[in-house]
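Thanks, everyone, for making the time this morning. I would like to walk through one model, beginning with its charged pairs and ending with its nonpolar residues, so please have a look at it before I go on.

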Amino acid sequence: MGASDFPDDLRAAQTRLHQATSELAALCRALPWSVEPMPGWPGTAHPHTGEVTGGRDASPGWTEEQKQMVKRLRMECTNLSVRIAAHPYWASVEAEKRVAARTELKQATAPSATPALDVTQAA
């Protein structure tokens, strides 16, 4: 079985799932740590070094727009996952080969490469 054996609509759904999960992860990383406004708390000083660890700044919570964006992306990921899992193509694959075929589909549609770092900017 080759990567080209997958139907176009199945490949498109898996590609969009990769994109949507990436968008959701990036969005969640950028959001405040708490959905609802929450007070922060101080960290704890290490008894020997005095280094303060733990603690958090106060969270302003998420806006309604942010909540809706997260909800929309989560629903899209769920719907795409169901569409992929229930696709009629899987009935044509021998049961003992479906896991390998599913993995192959994920790899065939994964973003091709991690963007290279510009070491001059990082330095």
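Let me start with Glu 64, which forms a salt bridge with Lys 67, where the closest N and O atoms are 3.4 Å apart; please keep in mind throughout that this is a predicted model. Both residues belong to helix H2, and because they are three residues apart there, about one helical turn separates Glu 64 from Lys 67. As for the surroundings of this pair, Glu 64 is exposed, at a relative accessible area of 52%, whereas Lys 67 counts as partly exposed, at 23% relative accessibility.

Lys 67 has a further partner, since its side chain also meets that of Glu 36 in a salt bridge, with an N to O distance of 3.4 Å. Here the setting is no longer a single helix: Glu 36 lies in the loop between H1 and strand S1 (44-45), while Lys 67 lies in helix H2, so this pair ties together parts that are 31 residues apart in sequence. Glu 36 itself counts as partly exposed, with a relative accessibility of 44%.

Turning to another charged pair, Arg 16 forms a salt bridge with Glu 76, and the closest N and O atoms of the two are 2.7 Å apart. Arg 16 sits in helix H1 and Glu 76 in helix H2, so the parts tied together by this pair are 60 residues apart in sequence. Arg 16 is partly exposed, its relative accessible area being 22%.

How many salt bridges does the structure hold? There are six, and I have described some of them individually. Arg 16, Glu 23, Arg 72 and Glu 76 are joined into one network by salt bridges that share partners.

That brings me to the nonpolar side. The largest nonpolar core has 13 residues, of which Phe 6, Leu 10, Ile 84, Tyr 89, Trp 90 and Leu 105 touch the most other members. Which elements give two or more residues to this core? They are helix H1 (8-30), helix H2 (64-85) and helix H3 (98-109), and of these H1 gives the most, with four residues. Apart from this core lies another, made up of six residues, among them Leu 24, Leu 27, Val 70 and Leu 73.

To close, I would set two points side by side: H1 and H2 are linked by the salt bridge between Arg 16 and Glu 76, and both helices are among the elements that give two or more residues to the largest nonpolar core.

Key: Residues are numbered from 1 along each chain as its sequence is written. This is a predicted model: local features need pLDDT of at least 70, side-chain atom pairs count only at pLDDT 80 or more; totals for chains, interfaces and linings use all residues. Side-chain values use heavy atoms; hydrogens and water are left out. A nonpolar core is a set of buried Ala, Val, Leu, Ile, Met, Phe, Trp, Tyr and Cys residues joined through side-chain atoms within 4.5 Å. Buried means under 20% relative accessible area, exposed over 50%, partly exposed in between (1.4 Å probe, protein chains only). A salt bridge is a side-chain nitrogen of Lys or Arg within 4 Å of a carboxyl oxygen of Asp or Glu.
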